[in-house]
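Please open the model in a viewer and keep the sequence panel visible. The stops below are given in the order in which to select them.

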Amino acid sequence: MTEYSSDLLRTLSSRGYIHQVTDTAALDALASKQIVPAYIGFDPTAPSLHVGSLVQIMLLRRIQQSGHKPIVLMGGGTGKVGDPSFKDEARKLMTEDVIKANITSIKKVFEPFLTFGDGPTDAIMLDNADWLDKLEYLPFLRDYGQHFSVNRMLSFDSVKLRLDREQSLSFLEFNYMILQAYDFLELSRRHACRLQLGGSDQWGNIVNGIELSRRCDGTEVYGITTPLITTADGGKMGKTMSGAVWLNPDQLSHYDYWQFWRNTDDRDVGKFLRLFTDLPLDEIERLEKLEGAEINEAKKVLANEATAMCRGRAGAEEAAETARKLFEEGSAGGALPTLAVAPEGISIIQANVALGFASSNKEVKRKIEEGAIRVNDEKVASADLIVKPGDKISFGAKKHGVLTL
């Protein structure tokens with residue numbers, strides 16, 4: 001492992017956040033002698049971020065823990081364009097009202113992870129619409145367009161992949177990387193921001209911003225990308241059969257969030273403990289060495305710590321107790337979703353749709369045929385089954401609910 005002089009790079013390296021760094025030695029030296037303001041951008045494409053964004057949120061937390069200043073940049077401006085990086089097709093354009101509503105909702109996600117305020121290392125949240133909305137087209141082209149090579153932009157993997165597949169890339173989307181580069185320049189000027197962080201798919205965009213700051217202002221700024229976080233079976237982190245794992249409790253219960261972490265593959269426990277909890281590294285090393293049934297205790301620690309980080313310690317304890325009652329005692333935990341029904345009950349199909357486990361009767365029937373639906377831990381054999389108050393319904397491994405009178 002590379003030896004670093006700064007707490008920042010030592011922390012990021014030891015916990016597995018570093019994929020690429022621009023001018024490592026210079027950034028390490030800078031972080032050793034001064035507070036470095038660092039930013040990550042988040043486009044408001046939904047009312048909540050999901051677990052796929054959690055590495056970046058934790059990265060900002062590590063920035064603050066290392067004595068530096070995190071900047072959360074909401075893409076109120078760039079969200080009107082949509083990032084084409086490694087996408088098969090253009091994002092659907094959102095109205096300004098939807099973008100504003102999403103930003104308001106997403107802001108709540110960051111509060112458990114960062115300390116916001118006016119201090120030198122307190123986090124701040126900004127919106128790039130504050131400057132992008134005010135740009136005039138011709139002056140922007142004249143002042144900044146000259147610094148971008150179309151040949152080079154076409155060579156970036158994020159764009160090249162789309163073109164190689166002969167998939168359309170609109171001029172609107174092509175402007176995204178220019179706007180992101182300009183964001184870095186604005187943050188450098190307004191807030192002395194010296195570091196941009198992002199996923200590995202953002203490397204080209206980050207390099208553009210670094211070069212724009214150097215050419216326009218002669219300012220040296222830096223970039224770090226994180227590795228693509230995949231699960232041991234090769235899947236994408238945060239993608240499950242039942243959909244996105246949302247960080248906002250309005251969109252996913254504490255129990256379902258806890259259960260996502262509890263279901264981590266044995267091989268991923270150590271990696272996820274480093275990335276997504278604040279546990280000391282020596283404790284993580286002890287936990288990841290556990291084998292057989294004991295690794296389940298490490299998974300519970302992961303679920304408890306990751307859930308407490310996002311949902312609060314009380315939310316984690318509530319979810320853990322629900323899981324204990326459900327799986328260890330065989331009874332229904334109070335935090336499970338409930339559905340009130342008449343004494344005579346309803347069909348298993350209606351129950352699953354009403355609980356929100358499935359979007360259609362057809363989906364429920366298919367899951368029954370796959371053996372994925374259980375009532376009171378017994379596999380459902382027929383779509384004609386009637387379920388009644390007191391019955392516990394399980395839809396796959398992660399969705400559970402209880403019928404009440």
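In which loop is A192 found? Select A192: the residue is in the loop between α10 and β5 (195–199). Helices (H or I, at least four residues) and strands (E, at least two) are DSSP runs, numbered from the N terminus.

Before going on, note that this is a predicted model, in which local features need pLDDT of at least 70 and side-chain atom pairs count only at pLDDT 80 or more, while totals for chains, interfaces and linings use all residues. Residues are numbered from 1 along each chain as its sequence is written, and side-chain values use heavy atoms, with hydrogens and water left out.

**Whole chain**

Show the whole protein chain, which has 18 helices and 15 strands. The C-alpha trace spans about 75 × 45 × 40 Å along its principal axes. The radius of gyration is 24 Å, which agrees with the value near 22 Å for a compact globule of 405 residues; this radius is taken over C-alpha atoms, and the globule rule is 2.2 Å times the number of residues to the power 0.38.

Colour by burial next. Buried residues make up 50% of the 405 residues, where buried means under 20% relative accessible area, exposed over 50%, and partly exposed in between (1.4 Å probe, protein chains only). Of the contacts between residues at least 6 apart in sequence, 72% join residues at least 24 apart; a contact means heavy atoms within 4.5 Å. The chain exposes about 18900 Å², with carbon and sulfur atoms supplying 49% of it. That area comes from the Shrake-Rupley method with a 1.4 Å probe.

**Helix α10 and its end**

Select residues 176–191, which form helix α10. Its end C-alpha atoms are 22 Å apart, in agreement with the 22 Å expected for 16 residues at 1.5 Å a residue; the expected span is 1.5 Å times one less than the number of residues. Since 13 of the 16 residues are buried, α10 is largely enclosed by the rest of the structure.

Step on to A192, just after α10, where phi is positive at about 55°. A192 counts as partly exposed because its relative accessibility is 36%. Most residues other than glycine have a negative phi.

**D23 and H19**

Which other stop has a positive phi although it is not a glycine? Select D23, with a phi of about 50°. D23 lies in the loop between β1 (20–21) and α2 (24–33), and at 46% relative accessibility D23 counts as partly exposed.

Then select H19, in the loop between α1 (7–14) and β1. H19 is partly exposed, with a relative accessible area of 44%. Leaving aside neighbours within four places in sequence, H19 is in contact with S200, T225, T226 and P227. To check a distance, pick E283 as well: H19 and E283 are 264 residues apart in sequence and 24 Å apart in space, C-alpha to C-alpha.

**Two buried helix residues**

Select Q64 in helix α3 (residues 54–65). Q64 is buried, with a relative accessible area of 15%. Beyond four places in sequence, Q64 is in contact with P70, L114, T115, T121, D122 and A123.

Finish at T307 in helix α15 (residues 295–311). Is T307 buried or exposed? T307 is buried, with a relative accessible area of 0%. Not counting residues up to four places away in sequence, T307 touches H254, Y257, W258, W261, G312, G315 and A316.
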